[in-house]
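Trainee: I am new to reading protein models and would like some guidance. Could we go through one together?

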Amino acid sequence: MEKSAIDWIAYILVVIGALNWGLVGLGSFSAVTYDWDLINLIFGTWPMVAAIVYLLVGLSGIWVLFKLFK
């Protein structure tokens, strides 16, 4: 079964989301809490763009979940 461009984009966004949550988790375990939110670090000056990226990551997670049980 060949993967479409949408599938690849969704997988990449899910990996980015997973890495972002991993960094957020690592930042909260230290004695001094670090704000290691990668999306916020990249798009911090553009909160609307960051919100769109978060939305796309969430939608990608649903897409990958759907593909997993298809």
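Mentor: Let us take a few features in turn, with the general idea before the case.

Trainee: Where should I start, and how much confidence does the protein have on average?

Mentor: Start with the origin of the model: this one is predicted. The average pLDDT of the protein is 88, and 94% of the residues score at least 70. Confidence is highest in H3, with a mean of 94, and lowest in H2, with 86.

Trainee: Now the helices. What span should helix H1 have, and how far apart are its end C-alpha atoms?

Mentor: The idea is to multiply a rise of 1.5 Å a residue along the helix. Helix H1 runs over residues 5–29, so its 25 residues should span 36 Å. Its end C-alpha atoms lie 37 Å apart, which agrees.

Trainee: And which residues of H1 are buried?

Mentor: A general point helps here. An α-helix has 3.6 residues a turn, so residues three or four places apart point the same way. In H1, the buried residues are Asp7, Ala10, Leu13, Gly17, Asn20 and Gly27.

Trainee: What do those buried residues of H1 pack against?

Mentor: They pack against two helices, H2 (38–43) and H3 (47–68).

Trainee: Asp7 is on that list. Why does Asp7 count as buried?

Mentor: Buried means under 20% relative accessible area. Asp7 has 5% relative accessibility, so it counts as buried. Leaving out residues up to four places away in sequence, Asp7 touches Trp63 and Lys67.

Trainee: How many salt bridges does the structure hold?

Mentor: The structure holds one salt bridge. Asp7 forms it with Lys67, and the closest N and O atoms are 3.8 Å apart. This pair links distant parts of the chain, for Asp7 sits in helix H1 and Lys67 in helix H3, 60 residues apart.

Trainee: And is Lys67 buried or partly exposed?

Mentor: Lys67 counts as partly exposed, because its relative accessibility is 26%.

Trainee: How do I read distance along the chain against distance in space?

Mentor: Put the two values side by side. Asp7 and Leu23 are 16 residues apart along the chain, and their C-alpha atoms are separated by 24 Å. For Glu2 and Trp63, 61 residues apart along the chain, the C-alpha separation is 16 Å.

Trainee: Where does Glu2 lie, and is Glu2 buried or exposed?

Mentor: Glu2 lies in the segment before H1. With a relative accessible area of 76%, Glu2 is exposed.

Trainee: What about a loop residue? Where is Asp35 placed?

Mentor: Asp35 is in the loop between H1 and H2. It is exposed, with a relative accessible area of 55%. Setting aside neighbours within four places in sequence, Asp35 is in contact with Asn40 and Leu41. Val49 is 14 residues from Asp35 in sequence, and their C-alpha atoms are 18 Å apart in space.

Trainee: One last feature, the surface. Which residues make the nonpolar surface patch?

Mentor: The patch is made by Met48, Ile52, Leu55, Leu56, Leu59 and Ile62, and covers about 610 Å². Take one of its members, Leu59, which lies in helix H3. Its relative accessibility is 47%, so Leu59 counts as partly exposed.

Trainee: Thank you, I will look for each of these in the structure.

Terms used:
Residues are numbered from 1 along each chain as its sequence is written. This is a predicted model: local features need pLDDT of at least 70, side-chain atom pairs count only at pLDDT 80 or more; totals for chains, interfaces and linings use all residues. Side-chain values use heavy atoms; hydrogens and water are left out. Helices (H or I, at least four residues) and strands (E, at least two) are DSSP runs, numbered from the N terminus. The expected span of a helix is 1.5 Å times one less than its number of residues. Buried means under 20% relative accessible area, exposed over 50%, partly exposed in between (1.4 Å probe, protein chains only). Contact means heavy atoms within 4.5 Å. Patches are made of residues with over 30% relative accessible area and no salt bridge: like charges are joined within 9 Å, nonpolar side chains (Val, Leu, Ile, Met, Phe, Trp, Tyr) within 5 Å. Accessible areas come from the Shrake-Rupley method with a 1.4 Å probe; for residues, only the protein chains shown count as cover. A salt bridge is a side-chain nitrogen of Lys or Arg within 4 Å of a carboxyl oxygen of Asp or Glu. pLDDT is the predictor's confidence in each residue, from 0 to 100.
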